[in-house]
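Hi everyone, thanks for coming. Let me walk you through a few spots in a structure that may be new to you; please have a look at it first.

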Amino acid sequence: MAETILGIDLGTTHSLVGAVDGGFPILLADEQGARLLPSAVAWPKNAPPGAPPVVGAPALRLAATEPRRVARSIKRLIGRRPGEGDWQPPFAVALADDGSPGIAIGETCVSAVDASAAILTRLRETAAFRLGREVDKAVISVPAYFHHGQRQATIEAGRRAGLDVVRIINEPTAAALACGLDRLKSPAKIAVYDLGGGTFDISILEHQDRVFQVLSSHGDTLLGGDDLDLAIAREAWHRADGDQDQWRELPLDALQRLLATSRQVKENLATCESETLALPFLTPGTHLEVAFTRDDLDRLAEPLVQRTLVHCRQALADADLAAGELDAVVLVGGSTRLAAVRRTVGAFFGREPLDSGNPDEAVAKGTVIQAGILSGALRDMVLVDVTPLSLGIETVGGLMNVIIPRNSTIPAKAGEVFTNAADGQSAMRVRILQGEREMARDNWELGSIDVPFEPMPKGRCRVGIQFAIDANGVLTVLARDIHTGHDQTLRIESSAVDVDDSKVGEMIASSIDHALEDFHERRWTEAALKAKELLPAVAAALDVLDGKIDAQERREIESAAKRTETAIKGSDHQALKEAVDTLDAATEGIAALLVETALEESLERRTRD
């Protein structure tokens, strides 16, 4: 009998758990029969010391009386660093003991990892209740564009909930498994459009012979239904008060009530033509009563949906496909229930999108299927995922040297050997980078390793760098001094990217916008490096060979060197490259002569000895 591995969708708005039972992937309901667990955590003021936090619907109910002790949309905070992300959470933020942003509860601070662990613990309890036994292994889904720190934080939350997280799976990939896309003709190319409560992902997959391969992924982990709630709240406040931004200064309890009511209005307008947002006594002297129509909802949603199309275009470009070449487009995530989403996405891809059945549950079902595949409870399906951004290191001249290109199938492993750039150099700093730009400064630094070695002449020290991405998308970097065999390892965890993750898409777009100037700068830098290496070598060679080369050849070499010195002071990369090439060609003769001279001197020494 195969072991049981739970499949968990740790969502921004709701979370679910399931398992393969009796050969079928099923989602598990709690004691009240609910499969959807609200991703809310509360710490009641009068709770006994050491009591666990309240999770789910009871936590939401506490928001009415203790709003400052309730946290929602925690997923948008997990794994981030201070200042990362332009988002106003519906709870007070403070720094946890580990320096990460957390939830301020009275005089203490609860980390986003611990809050997420509370949700996972509740899901584990639900599974034990329904299965009649404890299960301590799980697969957890994450947005495709979660960076390494967010993935690692999710794994750590699972560990604190008593779970061995055997795999992290990207949400769009899980959705493809859930929607039975293996039954499409083979081969088939599929787009999975996943717009949830707090995140957006678009993945292009290819299905062939029951194998799913992710061709490309794109997305934004700060884009989802929460943003539409915010837009509705702003609109309501603007109509009632006239100041669209003053609502940000509302007391936290009023802000939570306004956002919760805005979310209810959004959900009701999915089935009704009109709905009234009514909040008497939102603040002393402030009463809100604002009517919204379906057209209002579509108007407010349109800018958010248009933002998703930027990522759709990039995902298609990365997969080298046109929208018309797709065989299916699948909508996943609760926010895809909106008519504006279905209409705009259908128009963009030129086809009616497929309904995933229950969009709130598709990712969870796919995660359960992946868990069943790993446990052996389900067979005959293979999943191949990709890494969404290139990974590399900084090399001499500030260049980005890619080790693992973006959209490489994972797990992945690759490496290169690098040498010291200067005589007597005794250490090498390996800066690990993530991004798509040609120059290191324009990419994101994930971490660094200092590799010491014995001082040697330039080019004699050899350091091997190996990148390995595991099935969870977590990166491990190995740096080895090949001369001594000494290894140093860096596992990229919470320090993954010190930038706003919502800017990931802008990184890709920026690489396209600056492609030509980046190309020119890289060519200039490479040519300048070669020139700076060649010029002193040529000068030294002319001194050594003084009297051994004819005057005409010397004049040609000196002229080419002068031309190179002039070009390196300018900014024309093509002129510099041509000057270096000319100098390189002019010195071919003296290079051969240097070798002959060295051999003669060596032979003379041996004869004397």
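**A helix, a loop and a strand**

Let's begin with Thr 199, and please keep in mind that this is a predicted model. In contact with Thr 199, beyond its neighbours within four places in sequence, are Thr 12, Pro 143, Glu 171, Asp 194, Asp 220, Thr 221, Leu 223 and Gly 224. And where does Thr 199 sit? You'll find it in the loop between β13 and β14. Is Thr 199 buried or exposed? Its relative accessibility is 5%, so it counts as buried; the cut-off for that word is under 20%.

Now step over to strand β13, where we meet Ala 191. Ala 191 has 0% relative accessibility, and therefore it too counts as buried. Which residues does it touch, if we skip those up to four places away in sequence? They are Ile 202, Ser 203, Ile 204, Leu 326, Ala 328, Val 329, Val 330 and Phe 349. Here is another pair to look at: Ala 191 and Ala 315 are separated by 124 residues in sequence, yet their C-alpha atoms are 9.1 Å apart in space.

Phe 349 brings us to our last stop, helix α8, which covers residues 339–349. Phe 349 is one of the buried residues there, along with Ala 340, Val 341, Thr 344, Val 345 and Gly 346. What covers them? The cover includes strands β13 (188–195), β14 (200–208) and β18 (328–332), as well as helix α7 (294–318). Right after α8 comes Gly 350, with a positive phi near 70 degrees.

That's my tour; thanks for listening!

Notes:
Residues are numbered from 1 along each chain as its sequence is written. This is a predicted model: local features need pLDDT of at least 70, side-chain atom pairs count only at pLDDT 80 or more; totals for chains, interfaces and linings use all residues. Side-chain values use heavy atoms; hydrogens and water are left out. Buried means under 20% relative accessible area, exposed over 50%, partly exposed in between (1.4 Å probe, protein chains only). Helices (H or I, at least four residues) and strands (E, at least two) are DSSP runs, numbered from the N terminus. Contact means heavy atoms within 4.5 Å.
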